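Trainee: I am new to this structure and would like a close look at a single part, the sheet. Could you walk me through it?

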Amino acid sequence: MKGYISSKVLENKKTIVCSRCILDNTVSEISFDENGVCSFCVKHDKLLKYYPQEDGKREEKFKNLIYKIKNSGKGKYDVIVGVSGGVDSSFTLHKAVEAGLKPLAVYFDNGWGAEIAVKNIQKITKKLNVDLFTFVVDWEEFKDIQRAFLKASVPCIDIPTDLAISSVLYKAAAKENIKYILSGASFITEGTVPKSWSFIDGAYLRNVYKLYGSKKIKKYPLIDLKSIFYYTFIKKIIQIPFTNYFNYDKKEAKKFLKNNYEWEDYGGHHYENIYSKWGFGWYTYNKFGFDKRKVSLSGPIRMGKMKKSEALKEISSPPAVKKEITAFVMKKLEINNEEFKKIMEQKCRSYKDFKTGLDALNKFKFIVKIAVKKGLISPVVYEKFFDE
Ligand SMILES: [Zn+2]
């Protein structure tokens with residue numbers, strides 16, 4: 001499948017790389033200050049104020065958070081942990097139990113989980129004696145939604161999964177009367193994915209599916225802005241990027257999980273899921289010229305935990321995704337060669353070409369800002385959706 005390396009968007013455009021991290025102008029919304037520092041580095045520094053990493057300060061924040069969570073729980077559980085079998089969520093679950101929390105682990109099974117990842121979830125929940133709730137998506141319907149995103153020619157092909165995870169987590173929290181949802185996502189270790197690469201929104205999914213899907217959404221756990229506002233302001237459920245609250249070192253965490261839970265490695269960020277592996281490692285790289293590693297490696301560079309030269313060397317060769325995976329993915333999605341060729345060759349589009357909830361969200365920007373100040377919404381969400 002060579003020859004697709006298009007980056008059609010970038011033809012005749014000089015690459016400008018940030019003077020601090022390795023993000024560049026393949027990100028359409030990026031801007032640079034007079035020192036050549038990119039807007040994502042600025043956002044990173046802003047977020048650090050909310051999640052201080054200085055020894056002492058960080059521990060204090062952690063202690064306060066655990067205290068709040070423990071006091072919020074009235075039932076069998078006091079926290080939800082979304083699990084994928086990957087290192088971040090597995091370690092989050094371990095750390096939650098270690099801190100004395102009573103988690104309910106929730107797994108969204110989208111039909112693409114690698115066998116190793118599913119085994120990891122089983123091993124860790126069993127050893128920690130944590131209940132696991134698995135939501136299995138209706139495969140026929142989900143497959144059609146995934147196909148619609150490919151046909152729409154947008155890079156955000158993991159949105160059907162990410163949105164459903166959010167919906168399933170909120171629903172489980174509301175049902176069990178739990179106020180906190182912990183995730184393993186961290187801007188510190190993996191950066192912030194640009195909006196133009198991965199825009200998440202229920203109205204967007206609905207519009208893409210209306211135009212490119214073949215059925216009506218019936219069972220898929222769609223979540224819209226109204227529901228998110230309901231869970232946030234009425235039910236007061238908050239999503240916490242938990243790994244920002246302690247000194248999280250991915251390599252050390254992997255070692256620890258291997259030694260203590262017989263956890264197995266799968267290689268690559270988000271590679272615990274075959275579709276994500278293909279999406280980030282092959283599809284968006286070859287069709288759009290988006291290299292997700294630039295995002296994830298920029299996190300550690302900003303924290304001084306990785307050298308820029310080391311990261312640049314790492315991205316100098318294409319992501320290690322075997323080409324057979326493309327054939328496997330297409331077979332599973334029932335997309336034939338001709339259709340796939342068309343998908344790869346059609347013009348690249350963005351979320352801006354579709355109806356989204358962004359205009360509505362912008363109207364409520366000030367409310368979201370207040371909610372961030374009051375600790376109801378994570379500032380990570382604010383920084384992702386609003387440009388300032
Ligand atoms: Zn930067």
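Mentor: Happy to; here is the sheet, followed by its setting in the protein. Please keep in mind that this is a predicted model, where local features need pLDDT of at least 70, side-chain atom pairs count only at pLDDT 80 or more, and totals for chains, interfaces and linings use all residues. Residues are numbered from 1 along each chain as its sequence is written.

Five strands make up an open sheet with parallel pairing, in the order β3-β2-β1-β4-β5. Strands here are DSSP runs of E with at least two residues, helices are runs of H or I with at least four, and both are numbered from the N terminus. Two strands pair if DSSP finds at least two bridges between them. At the edges stand β3 (131-136) and β5 (238-241); each has a single partner strand, so one side of each is left without a neighbour in the sheet. On average, neighbouring strands are turned by 30° against each other, direction ignored.

Now look at β1 (residues 79-83), which pairs with β2 (residues 103-109) in the parallel sense over five bridges. One residue to find is V81, whose bridge partner in β2 is A105. Across β1, β2 and β4 (180-183) lies helix α3 (residues 87-98), running at about 155° to β1. Such angles run from 0 to 180 degrees between N-to-C directions, with axes fitted as lines to C-alpha atoms, for helices over the stretch in contact; contact means C-beta atoms, placed from the backbone, within 7 Å.

Stepping back, the protein has 18 helices and five strands. Its C-alpha atoms fill a box of roughly 55 × 50 × 50 Å, taken along the principal axes.

Methods: Two residues are in contact if their C-beta atoms, placed from the backbone, lie within 7 Å.
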